[in-house]
Amino acid sequence: MRLFSILCCLTIFSGNLLSAQSSAGGLMSATKDIPLEVYVMLVLILFELIIIVFGQFTFNGPWLSKESAKAPDRKAPTFFQRINRTVALEDEALLDLKHDYDGISELDNKTPQWWTYAFYFTILFGVVYLYRMFGNESLPSQLVELKMENQEAEILKASYLSLSASNVDENSVSLLGQDDVMKGAMTFKTNCVACHGEQGEGNIVGPNLTDAYWIHKGGIKDIFTTIKYGYPEKGMKSWKDDFSPLQIAQLASFVKSLQGSNPPNAKDPQGELYSEVPSTTTLTDTLK
């Protein structure tokens with residue numbers, strides 16, 4: 001390398017010298033077509049190439065000892081070693097940092113490639129996420145996501161309630177909300193006023209539904225059972241083939257809402273005084 005640098009400096013110096021002499025008219029052309037300075041430069045370049053090739057051949061020639069010319073015989077790295085940037089066990093001495101403690105040597109192991117690329121991916125993902133979240137705001141914030149999820153939950157809840165209401169029976173029925181009570185009022189007006197009056201006050205056929213006295217008890221489950229199965233022997237038909245379970249529950253909730261309304265011309269009480277207590281009555285007991 002040092003010889004090559006000297007030759008390069010010699011070539012540059014010779015070229016400058018020849019150019020200066022040629023401009024002064026001190027040199028003549030070696031041939032008719034090639035200027036003398038170009039000819040000299042070509043000769044020097046050829047000379048340099050010969051020396052370089054000779055030096056390369058000399059330093060790597062066959063007369064060198066086999067021990068010095070022979071490269072270490074190492075196995076090709078495995079796929080696992082390549083992706084994790086590790087070396088074979090027999091080559092771990094190359095990684096030794098000469099830092100031993102309590103018989104443990106510290107090796108200069110490289111970070112696995114797969115981990116490095118995964119780390120780069122997380123950086124790229126973070127940049128894209130931050131841009132979409134706070135740059136163009138194409139991603140919803142946590143509050144927006146919460147609102148969207150609550151809306152979906154309300155839809156699912158309404159769907160569930162509609163399905164469960166269709167499966168209601170005398171054991172699972174409970175008082176419904178105002179909307180269902182209004183629907184029960186429409187059903188009552190269409191089908192029940194003939195026997196119980198416009199306001200549930202009762203008439204010559206059916207009993208008063210607004211007082212606290214009941215022939216067949218006055219709990220929501222009791223009223224549902226009465227509407228569903230009826231008491232044909234007392235003139236109360238079964239409505240289970242006419243109304244859906246939800247409609248019966250709506251109608252029973254409306255009847256419960258009539259308690260204490262005290263309409264005019266109310267029929268005298270019939271049955272027994274009913275007080276609202278947790279009911280454990282079964283269907284068989286109610287129909288007795």
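**Notes on the aromatic pairs and the largest pocket**

1. Seven aromatic pairs turn up in this structure; rings of Phe, Tyr and Trp (its six-membered ring) pair if their centres lie within 6.5 Å, and planes under 30 degrees apart count as stacked, over 60 as edge-to-face and the rest as tilted. One of them joins Trp-115 and Phe-119, stacked at 5.7 Å centre to centre with 10 degrees between the planes.

2. Before going on: this is a predicted model, where local features need pLDDT of at least 70 and side-chain atom pairs count only at pLDDT 80 or more, while totals for chains, interfaces and linings use all residues. Residues are numbered from 1 along each chain as its sequence is written, and side-chain values use heavy atoms, with hydrogens and water left out.

3. Look at Trp-115 and Phe-119 again: both sit in helix 5 (residues 113-135), four residues apart, about one turn of the helix. Helices here are DSSP runs (H or I, at least four residues), as are strands (E, at least two), numbered from the N terminus. Phe-119 also pairs with Tyr-120, and this pair is tilted because the ring centres are 6.4 Å apart and the planes at 50 degrees. Together, Trp-115, Tyr-117, Phe-119 and Tyr-120 make up one aromatic cluster.

4. Lys-237 has its charged end over the ring of Trp-239, 4.4 Å from its centre (the test is NZ of Lys or CZ of Arg within 6 Å of the ring centre and within 35 degrees of the ring normal).

5. Which helix gives the largest share of the lining of the largest pocket? Helix 9 does, with three residues. A pocket is an open set of points on a 1 Å grid over the protein atoms alone, where a 1.4 Å probe fits, with protein on both sides within 12 Å along at least five of seven lines; lining residues have an atom within 4 Å of a point. Of the 27 lining residues, His-196, Pro-207, Leu-209, Thr-226 and Met-236 lie nearest the centre.
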